[in-house]
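Colleague: I'm new to this one, so could you walk me through it? Let's have it on screen and start with the charged pairs.

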Amino acid sequence: VGGKMTMPVTVEAYFASLPGGLDAYPECAHKGETLGLWLRRSPTRGLAERLPAHLGALLAEGATLPTWVPEVHATALYLAIREVHFADDAAFLAHAYACNRAVLDTPTNRVLFWVAAPRAILRAAGLRWNSLHRGSTLDIRIRSDTAAQVAMTFPAHLFPEVVLRGSATGFVAALENAGAHEVQMVLKDAGPTRAVFAGSWK
């Protein structure tokens, strides 16, 4: 997934875009184990100052994350990491790819995501997404043996573009684990409630 030079979306701007701000969309959740792995692998200095106090507390050494974290809270943490520690989207997306590869290598996810073929991973992608997220859905259309479209649906403004593109690095890593080569997962369209990715591989 390529990176383009953009100003980072601030945490404040993200909250302002949501109905209810920090407390928006309580039905949407993010697996705590995944977020915890990301935080352990990410630079966190200075993040607490960019976040509401109870989100900053998740960064404390030894902090225990719940099984499920509100998706808005997780997204705010990802945005703070991008804003504070990475010079541009490309650098952040490279970091996202490394973190998502580590997520797929956890014992639980290794069982879910390591399969024999790219088409097999895509056929079950919606179920696998729901093992890590609640309140958003994936629709997969396999175009050929080497191409697919991935459509993600979610409440308005839940996922800023850089977070969507970070998620695409996870799709890339999953397809690579399934034996695909030269994987591309390009965000073709990003609206308030839907994003469409074009995937290809060899």
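Colleague: How many salt bridges does the structure hold?

Modeller: This is a predicted model, where local features need pLDDT of at least 70, side-chain atom pairs count only at pLDDT 80 or more, and totals for chains, interfaces and linings use all residues. Residues are numbered from 1 along each chain as its sequence is written, and side-chain values use heavy atoms, with hydrogens and water left out. A salt bridge here is a side-chain nitrogen of Lys or Arg within 4 Å of a carboxyl oxygen of Asp or Glu. By that rule, the count is eight.

Colleague: Take Arg82 and Asp89: how far apart are their closest N and O atoms?

Modeller: Arg82 is buried at 2% relative accessibility, where buried means under 20% relative accessible area, exposed over 50%, and partly exposed in between (1.4 Å probe, protein chains only). Asp89 is buried too, at 4%. The two form a salt bridge, and their closest N and O atoms sit at 2.7 Å.

Colleague: Is Lys202, the partner of Glu182, buried or exposed?

Modeller: Lys202 pairs with Glu182 in a salt bridge, with the closest N and O atoms 3.3 Å apart. That links distant parts of the chain, 20 residues apart: Lys202 lies in the segment after β7 (194-200), Glu182 in the loop between α9 (161-177) and β6 (184-190). Those labels are DSSP runs numbered from the N terminus, helices being H or I with at least four residues and strands E with at least two. Glu182 has a relative accessible area of 59%, and Lys202, at 62%, counts as exposed.

Colleague: Which residues are joined into one network by salt bridges that share partners?

Modeller: Here the pairs link up through shared partners. The members are Glu12, Arg50 and Glu83.

Colleague: What does helix α5 (residues 89-104) reach from its first C-alpha to its last?

Modeller: Helix α5 has 16 residues. The expected span is 1.5 Å times one less than the number of residues, giving 22 Å for α5. The model comes close to that, reaching 22 Å.

Colleague: And Ser136, in the loop between β3 (133-134) and β4 (137-144): which side chain does its own side chain make a polar contact with?

Modeller: Ser136 is buried, at 3% relative accessibility. A polar contact is a pair of N or O atoms within 3.5 Å; within protein, one must be able to donate a hydrogen and the other to accept it, and residues adjacent in sequence count only if both atoms are side-chain atoms. At 3.0 Å, the partner of Ser136 is Trp129.
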